[in-house]
Amino acid sequence: MTFGSLDAGDLGEGIAATLLYFLVGVGVLALGFLVLDLLTPGNLRRQVYVDHRPNAAVLLAGNHLSLTVIVVTAILTSSDSLAQGLVDSAVYGLVGVALQALALRVLDAVVPGHLRAIVDEPTLSPAAWAVATSLLAIGAVNAAALS
């Protein structure tokens with residue numbers, strides 16, 4: 001019975017590629033967090049992790065899930081060349097962050113009331129769930145549009 005051969009070089013390259021794609025993905029998610037923080041009132045990290053504002057947490061979750069769909073799709077559809085694949089993933093990830101920010105601004109403009117005020121509410125609002133779901137849907141469309 002033959003199991004084939006082991007190529008340590010391929011394994012090392014695969015591990016390096018994994019780490020680099022991981023860094024690109026985490027970088028895009030971190031940037032997405034910073035952009036969402038700029039678009040919401042107050043310090044988002046404090047609102048979620050210290051003040052326990054449920055609406056801020058729901059919006060953060062929706063934003064992270066939508067960007068994750070975009071980043072995963074960007075990585076899966078990127079070039080097979082490592083350098084070009086990393087650039088593709090980073091650029092499409094950044095475009096995704098920008099489009100999600102634009103979507104959030106549009107939602108803020110068309111949703112009755114003000115989204116910024118919803119984030120500050122101490123009780124869970126159905127509007128936060130609706131906006132988070134809209135962000136996820138827009139993120140899926142954004143991911144499908146990647147070419």
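**Exercise 1. The two sides of helix 6**

Which exposed residues does the face of helix 6 turned away from its buried side carry? Establish also the length of the helix and the surroundings of its buried residues.

*Solution.* The structure is a predicted model.

Step 1. Begin with the length. Helix 6 comprises the 20 residues 126–145, and at 1.5 Å a residue these should span 28 Å. The C-alpha atoms at its ends are 29 Å apart, which agrees with that expectation.

Step 2. Identify the buried residues, that is, those under 20% relative accessible area. In helix 6 they are Ala 128, Val 131, Ala 132, Leu 135, Gly 139, Asn 142 and Ala 143. These residues cover an arc of only 115° around the axis, so they lie on the same side of helix 6.

Step 3. Turn to the face directed away from that buried side. Exposed residues, over 50% by the same scale, are found there: Pro 126, Thr 133, Val 141, Ala 144 and Ala 145.

Step 4. Find the packing partners. The buried residues of helix 6 pack against helix 3 (54–76), helix 4 (82–110) and helix 5 (115–120).

**Exercise 2. The cap of helix 6**

Determine which residue caps the N-terminal end of helix 6, and describe its environment.

*Solution.*

Step 1. The cap is Ser 125, with a side-chain oxygen 3.1 Å from the backbone nitrogen of Ala 127.

Step 2. Ser 125 is situated in the loop between helix 5 and helix 6. Its relative accessibility is 10%, so Ser 125 counts as buried.

Step 3. Once neighbours within four places in sequence are set aside, Ser 125 is in contact with Asn 55 and Ile 118.

**Exercise 3. A second serine in a loop**

Decide whether Ser 78 is buried or exposed, and list its contacts.

*Solution.*

Step 1. Ser 78 belongs to the loop between helix 3 and helix 4. With 10% relative accessibility, Ser 78 counts as buried, because the cut-off is under 20%.

Step 2. Not counting residues up to four places away in sequence, Ser 78 touches Tyr 21, Gly 85, Asp 88 and Ser 89. The side chains of Ser 78 and Tyr 21 are joined by a polar contact of 3.4 Å.

Step 3. For a distance to helix 6, take Ala 137: its C-alpha atom is separated from that of Ser 78 by 22 Å, and the two residues are 59 apart along the chain.

**Exercise 4. A backbone angle**

What is notable about the phi of His 52?

*Solution.*

Step 1. Most residues other than glycine have a negative phi.

Step 2. His 52 is not a glycine, yet has a positive phi of about 55°. This residue is in the loop between helix 2 (44–49) and helix 3. At 58% relative accessibility, His 52 counts as exposed.

**Exercise 5. The chain as a whole**

Characterise the overall form of the protein chain, beginning with its helices and strands.

*Solution.*

Step 1. The chain has 6 helices and 0 strands, in the order α-α-α-α-α-α from the N terminus. Its radius of gyration is 18 Å, well over the 15 Å that the globule rule gives for 147 residues, so the chain is more spread out than a compact globule.

Step 2. Along the principal axes, the C-alpha atoms fill a box of roughly 65 × 30 × 30 Å.

Step 3. Of the 147 residues, 36% are buried. The accessible surface comes to about 8,400 Å², and 70% of this belongs to carbon and sulfur atoms.

Step 4. Among contacts between residues at least 6 apart in sequence, 77% join residues at least 24 apart.

Notes:
Residues numbered from 1 in each chain as written. Predicted model: local features only at pLDDT ≥ 70, side-chain atom pairs only at ≥ 80, totals over all residues. Heavy atoms only, no water. Helix = DSSP H or I, 4+ residues; strand = E, 2+ residues; numbered from the N terminus. Expected span 1.5 Å × (residues − 1). Buried < 20%, exposed > 50% of the residue type's maximum accessible area, 1.4 Å probe, protein only. Arc of directions from axis to C-beta. Contact = heavy atoms within 4.5 Å. Polar contact = N/O pair within 3.5 Å; in protein donor to acceptor, adjacent residues only side chain to side chain. Rg over C-alpha atoms; globule rule 2.2 N^0.38 Å. Areas by Shrake-Rupley, 256 points an atom, 1.4 Å probe, with all protein chains shown as cover.
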